[in-house]
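Me: I've got a model open and would like a close look at one buried spot and whatever is built around it. Could you start from a single residue and work outwards?

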Amino acid sequence: MHEAVHIYTDGACKGNPGPGGWGALLRWRGHERELFGGEPSTTNNRMELTAVIRALEALEREVDAVVHTDSQYVQKGITEWLPGWKARGWKTADRKPVKNVDLWQALDALAGKHRVEWRWVRGHAGHPENERADALANRGVPAPRRAAGA
């Protein structure tokens with residue numbers, strides 16, 4: 001593997017569903033790039049997936065990448081569940097539609113453009129880059145709108 005781009009991602013949601021944010025820290029050869037954004041009404045799982053999608057979209061060419069996520073949903077989904085979902089026409093093992101299929105399909109297509117290693121890290125356990133990704137995700141959460149006249 002060439003020198004890999006290390007990607008640290010996280011999602012945040014204030015209520016589930018509720019306003020949510022995503023954050024990503026990309027690190028390569030001493031350079032860093034921070035990304036974050038959010039949506040007014042979403043779920044934590046959607047923000048976890050969006051963080052990885054936006055990070056992979058930011059890569060300008062095919063690379064070796066190591067994605068660090070504290071989301072077992074993302075890590076197990078991409079490494080264990082996805083092949084079965086695809087084989088069953090995007091249905092779960094009990095033949096129900098896969099949740100967040102739009103994001104899973106986008107992530108599958110983007111991950112296929114790179115050589116990606118998926119690593120799960122324990123969240124909120126003092127992992128410096130994960131803490132930074134968490135802070136970025138929280139920055140991405142849209143501020144609540146004030147009621148008219150408030």
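Reply: Sure, let's start with Thr9. In this predicted model, Thr9 is buried, with a relative accessible area of 0%. Thr9 sits in strand β1, which covers residues 5–13. Leaving out neighbours within four places in sequence, the contacts of Thr9 are Gly23, Ala24, Ala51, Val52, Ala55, His68, Thr69, Asp70, Asn130 and Ala133. That list gives us several directions to follow, so let's take them in turn.

First, the strand that carries His68 and Thr69. β4 (64–69) runs parallel to β1, and 5 bridges join the two. One of the pairings is Ile7 with Val67 in β4. β4 also pairs with β5, again in parallel, through 6 bridges, and here Asp64 stands opposite Arg115 in β5. How many of the residues of β4 are buried? It's 6 of the 6, so β4 is largely enclosed by the rest of the structure. In a regular strand the side chains alternate between the two faces of the sheet. You can follow that here: Asp64, Val66 and His68 are on one side, Ala65, Val67 and Thr69 are on the other, and all are buried, so both faces of β4 are covered.

Thr69 and Asp70 also lead to another residue. Glu48 is in helix α1 and, apart from neighbours within four places in sequence, is in contact with Asp10, Gly11, Thr69, Asp70, Ser71 and Val74. Is Glu48 buried or exposed? It counts as buried, because its relative accessibility is 4% and the cut-off for buried is under 20%. The C-alpha atoms of Glu48 and Gln72 are separated by 9.8 Å, with the two residues 24 apart along the chain.

On to the nonpolar side of things. In soluble globular proteins, nonpolar side chains tend to be buried together. The largest nonpolar core here has 31 residues, and those with the most contacts inside it are Ile7, Leu26, Leu56, Trp104, Leu107 and Trp118. At least two of its residues come from each of β1, β2 (18–28), α1 (44–57), β4, α2 (72–87) and α3 (101–111). α1 gives the most, with 7 residues.

Leu26 is worth a stop. Not counting residues up to four places away in sequence, Leu26 touches His6, Ile7, His31, Glu32, Arg33, Leu35, Ala55, Ala58 and Leu59. Leu26 also helps line the largest pocket, together with Val5, Arg27, Trp28, His31, Glu32, Arg33, Ala58, Leu59, Glu60, Arg61 and Val63. That pocket holds about 310 Å³ of space, and its lining divides into 6 nonpolar, 1 polar and 5 charged residues. β2 and β3 (31–42) each supply at least two of the lining residues.

Those two strands run antiparallel, joined by 10 bridges, with Leu25 partnered by Glu34 in β3. They form a hairpin with 2 residues between them, and Arg29 in the turn has a positive phi of about 50 degrees.

That brings up the backbone oddities. Most residues other than glycine have a negative phi, and most peptide bonds are trans. Look at the loop between β1 and β2, where Pro17 lies: a cis peptide bond joins Asn16 and Pro17, with omega about 15 degrees. Trp90, in the loop between α2 and α3, isn't a glycine but has a positive phi of about 60 degrees. Trp90 is buried, with a relative accessible area of 18%. His124, in the loop between β5 (115–120) and α4, is another non-glycine with a positive phi, of about 55 degrees. His124 is exposed, with a relative accessible area of 59%.

From His124 we can return to where we began. Glu131, in helix α4 (residues 128–140), is in contact with His124, Ala125 and Gly126, leaving aside neighbours within four places in sequence. Glu131 is partly exposed, at a relative accessible area of 30%. The C-alpha atoms of Glu131 and Asp10 are separated by 8.8 Å, although the residues are 121 apart along the chain. And Thr9 itself has Asn130 and Ala133 among its contacts, which takes us back to the buried residue in β1.

Conventions. Residues are numbered from 1 along each chain as its sequence is written. This is a predicted model: local features need pLDDT of at least 70, side-chain atom pairs count only at pLDDT 80 or more; totals for chains, interfaces and linings use all residues. Side-chain values use heavy atoms; hydrogens and water are left out. Helices (H or I, at least four residues) and strands (E, at least two) are DSSP runs, numbered from the N terminus. Buried means under 20% relative accessible area, exposed over 50%, partly exposed in between (1.4 Å probe, protein chains only). Contact means heavy atoms within 4.5 Å. A nonpolar core is a set of buried Ala, Val, Leu, Ile, Met, Phe, Trp, Tyr and Cys residues joined through side-chain atoms within 4.5 Å. On a 1 Å grid over the protein atoms alone, a cavity is a set of points where a 1.4 Å probe fits but cannot get out, and a pocket is an open set with protein on both sides within 12 Å along at least five of seven lines; lining residues have an atom within 4 Å of a point. Grid points are joined across faces, edges and corners, and a volume is the space filled by probe spheres set on the points. Ala, Val, Leu, Ile, Met, Phe, Trp, Tyr, Cys and Pro count as nonpolar, Asp, Glu, Lys and Arg as charged, and the others, Gly among them, as polar. Two strands pair if DSSP finds at least two bridges between them.
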